[in-house]
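Here are some exercises to help you find your way around a new structure. Try each task yourself before you read the solution.

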Amino acid sequence: MDKGFRRSMPLTVAFQGEPGAYSELAALEHFGTQVETLPCHSFEQVFASVTQGTAERGLIPIENSLAGSIHRNYDLLLRNQLNIVGEHHLRVSHCLLALPGVKLEQIRQVHSHPQALAQCEASLARLGVEAVAEADTAGSARLIRQQGARSAGALASRRAAQVYQLEVLAENMEDNPANFTRFLALSREPQPAGESPSGNYKTSLVFSLRNQPGALFKALSVFALRDIDLTKIESRPIPGQPWEYMFYVDFAGHAEAPVCQRALNNLREYATFLRILGSYIRHFQNGALPKDSPKN
């Protein structure tokens, strides 16, 4: 897409979930509030929307600081030919939502995604309410609005309250405040390195190895010997090949940086398959992060 088109039309970002979902909130934080968001029923539909051009970008969750990795999206990264062009860390803060005028003491049931209910277990126990599992957080907020249930609440984002015209009865319902979800921004085209591949970049790749002693040690040593920081490693089974695995690795640096190029060339000597999923600017928790280039 050329720059003139970007200026004349807002960027469309696909996400999984309903309007008001945490994924939509992450998209608006990462790309800016001027973008158009495209709700998708499934992660597969997010990938398809970007691949087919319905959306210029996709945003998918890849791991949560409490619940761990989202394995389905690792598999979809391998199955599709999209590029990772950014990451975003969203602080997940669950709010208790209800219809306008409803008081906290009127709430008897709280609806939400099972993971959100589990993350707020102690808070809900103190309220003495019944937890009711639903498909997702934003959908729970929509359900409360549609049913007009004045004895029911929903655990969802503050944005969901705005979308479905609900009131926030309580904030920060989660038992553990260190609740972050890491999202990946997807594009058909890779993120350019700019004038120099130096800087605060991260690279994601996937590779497979021969099943022999020391194979993984040798593969990872190509980074250790060059003082390249590995920020994440994940293994996923290879369909149709029992007990053989794909290894997903994130490391600090751009794939085009000379030291990283040497490490990747060394890795190719051991790998039976290797694909770079993308190099992109890192998101740091201190908030001083550059955004994905489409926002500029």
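## Exercise 1: Asp229 and its surroundings

At 45% relative accessibility, Asp229 counts as partly exposed; the label covers values between buried (under 20% relative accessible area) and exposed (over 50%), with a 1.4 Å probe and protein chains only.

A quick word on the ground rules: this is a predicted model, where local features need pLDDT of at least 70 and side-chain atom pairs count only at pLDDT 80 or more, while totals for chains, interfaces and linings use all residues. Residues are numbered from 1 along each chain as its sequence is written, and side-chain values use heavy atoms, with hydrogens and water left out.

**Task.** Find where Asp229 lies and which residues it is in contact with, leaving aside neighbours within four places in sequence.

**Solution.**
1. Start with the place: Asp229 sits in the loop between α9 (215-224) and β13 (230-237). Helices (H or I, at least four residues) and strands (E, at least two) are DSSP runs, numbered from the N terminus.
2. Now look for contacts, meaning heavy atoms within 4.5 Å. Once neighbours within four places are set aside, Asp229 is in contact with Asp250, Phe251 and Ala252.
3. For a sense of distance, go to Gln81: its C-alpha atom and that of Asp229 are separated by 26 Å, with the two positions 148 residues apart along the chain.
4. Asp227 lies in this loop between α9 and β13 too. Asp227 is exposed, at a relative accessible area of 73%, and has a positive phi of about 55° although it is not a glycine.
5. Here's some background for that angle: most residues other than glycine have a negative phi.

## Exercise 2: The whole chain

**Task.** Work out how many helices and strands the chain has, and how its radius of gyration sits beside the globule rule.

**Solution.**
1. Count the elements: there are 10 helices and 15 strands.
2. The radius of gyration of the chain is 21 Å, close to the 19 Å that the globule rule gives for 296 residues, so the chain is as compact as a globular protein of that length. The radius is taken over C-alpha atoms, and the rule is 2.2 Å times the number of residues to the power 0.38.
3. Along its principal axes, the C-alpha trace spans about 65 × 50 × 35 Å.
4. Of the 296 residues, 49% count as buried.
5. Take the contacts between residues at least 6 apart in sequence: 75% of them join residues at least 24 apart.

## Exercise 3: Following Arg182

**Task.** Which residues meet the side chain of Arg182 in a salt bridge?

**Solution.**
1. Know what to look for: a salt bridge is a side-chain nitrogen of Lys or Arg within 4 Å of a carboxyl oxygen of Asp or Glu. A search of the whole structure finds 12 of them.
2. One partner is Glu63, at 3.2 Å from N to O. This pair links distant parts of the chain, with Glu63 in strand β3 (residues 57-64) and Arg182 in strand β11 (residues 180-187), 119 residues apart.
3. Another partner is Asp250, at 3.0 Å from N to O. Asp250 is in strand β14 (residues 245-252), 68 residues apart from Arg182.
4. Check the burial: Arg182 counts as buried at 7% relative accessibility, and Asp250 counts as buried at 7% as well.
5. Zoom out, and salt bridges that share partners join Glu63, Glu87, Arg182, Lys202, Lys232, Glu234 and Asp250 into one network.

## Exercise 4: Around α8

**Task.** Are Arg158 and Glu171, which meet in a salt bridge, buried or partly exposed?

**Solution.**
1. Find the pair: the side chains of Arg158 and Glu171 meet at 2.7 Å, N to O. Arg158 is in helix α8 (residues 158-163), and Glu171 is in the loop between β10 (167-170) and β11, 13 residues apart.
2. Arg158 is partly exposed, at 41% relative accessible area, and Glu171 is partly exposed at 46%.
3. The loop between β10 and β11 is also where Asn172 is found. Asn172 has a positive phi of about 50° although it is not a glycine.
4. Finish with Ser157, in the loop between β9 (152-156) and α8. Ser157 is buried, at a relative accessible area of 1%.
5. Not counting residues up to four places away in sequence, Ser157 touches Gly20, Tyr22, Leu25, Ser93 and Leu97.
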